[in-house]
Amino acid sequence: MGPKKKLTPPRVVLDTNCVVSALLFSRGRLAWLRHAWQAGRFVPLVSRETVQELIRVLNYPKFKLEQADQEALLAEFLPYAETVSTSSPHTEPPALRDPDDVMFAVLAIEATADVLVSGDEDIQAARAQLNPLLVLTPAEFSAWLETRK
């Protein structure tokens, strides 16, 4: 048998809750995501809208993050991400129960992402509607990523 062919890292859209959990809770259940994107196991995809949402959420008073802390957290994520323009007028946005989730589905569809990762119930409820886009929970994504080693 010849040498094992190295797979290209999958291109993945993470919803804001996944990114924030991975960044803020270094011992939390999603901390592995940060290690995985930094190790190049997958490439996170972002758009202007999803980055604006991430910045807005990191600014929530409940997190008590100073500007410098927010910038340091963004520096743990954004350099590893691929920015995708989602300005294509031909893409019909999916009708999701929560309009705030549409930006993630549009990004995944327009970027032809391999996976959309979200624990959000509204996004999970739209799996069939978003087919053929693969929509996984973080736990399902972890198992899926393991099969790609």
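Start with the residues that line the largest cavity in this predicted model: they split into seven nonpolar, two polar and one charged. To see them, select Leu14, Asp15, Thr16, Val19, Leu45, Val46, Thr50, Leu54, Phe77 and Phe104. The space they surround has a volume of about 60 Å³. If you go looking for others of 30 Å³ or more, don't: a search of the whole structure turns up one.

Now color by secondary structure and keep that lining on screen. Which elements supply at least two residues each of the lining? They are helix 1 (16–24), strand 2 (43–46) and helix 3 (48–58).

**Next stop: salt bridges**

How many salt bridges does a search of the whole structure find? The count is six, and three of them make up the rest of this tour.

Select Arg11 and Glu82. Their closest N and O atoms sit 2.8 Å apart, and the two form a salt bridge. Arg11 belongs to strand 1 (residues 11–14) and Glu82 to strand 3 (residues 82–83), so this pair ties together parts that are 71 residues apart in sequence. Put a surface on and check Glu82: its relative accessibility is 30%, so it counts as partly exposed.

Move on to Arg41 and Glu146, another salt bridge, with 3.6 Å between the closest N and O atoms. Distant parts of the chain are linked here: Arg41 is in the loop between helix 2 (31–38) and strand 2, while Glu146 is in helix 8 (residues 138–146), 105 residues apart. Is Arg41 buried, exposed or in between? With a relative accessible area of 28%, Arg41 is partly exposed. Glu146, at 39% relative accessibility, is partly exposed too.

For the last pair, stay with helix 8 and pick Glu140, then add Arg127. These two form a salt bridge whose closest N and O atoms are 2.2 Å apart. Arg127 is in helix 7 (residues 127–130) and Glu140 in helix 8, so you are looking at a link between parts of the chain 13 residues apart. Where do the two side chains stand on accessibility? Arg127 has a relative accessible area of 28%, which makes it partly exposed, and Glu140 also counts as partly exposed, at 32% relative accessibility.

To finish, show the cavity lining and the three pairs together: Arg11 with Glu82, Arg41 with Glu146, and Arg127 with Glu140.

Notes: Residues are numbered from 1 along each chain as its sequence is written. This is a predicted model: local features need pLDDT of at least 70, side-chain atom pairs count only at pLDDT 80 or more; totals for chains, interfaces and linings use all residues. Side-chain values use heavy atoms; hydrogens and water are left out. On a 1 Å grid over the protein atoms alone, a cavity is a set of points where a 1.4 Å probe fits but cannot get out, and a pocket is an open set with protein on both sides within 12 Å along at least five of seven lines; lining residues have an atom within 4 Å of a point. Grid points are joined across faces, edges and corners, and a volume is the space filled by probe spheres set on the points. Helices (H or I, at least four residues) and strands (E, at least two) are DSSP runs, numbered from the N terminus. Ala, Val, Leu, Ile, Met, Phe, Trp, Tyr, Cys and Pro count as nonpolar, Asp, Glu, Lys and Arg as charged, and the others, Gly among them, as polar. A salt bridge is a side-chain nitrogen of Lys or Arg within 4 Å of a carboxyl oxygen of Asp or Glu. Buried means under 20% relative accessible area, exposed over 50%, partly exposed in between (1.4 Å probe, protein chains only).
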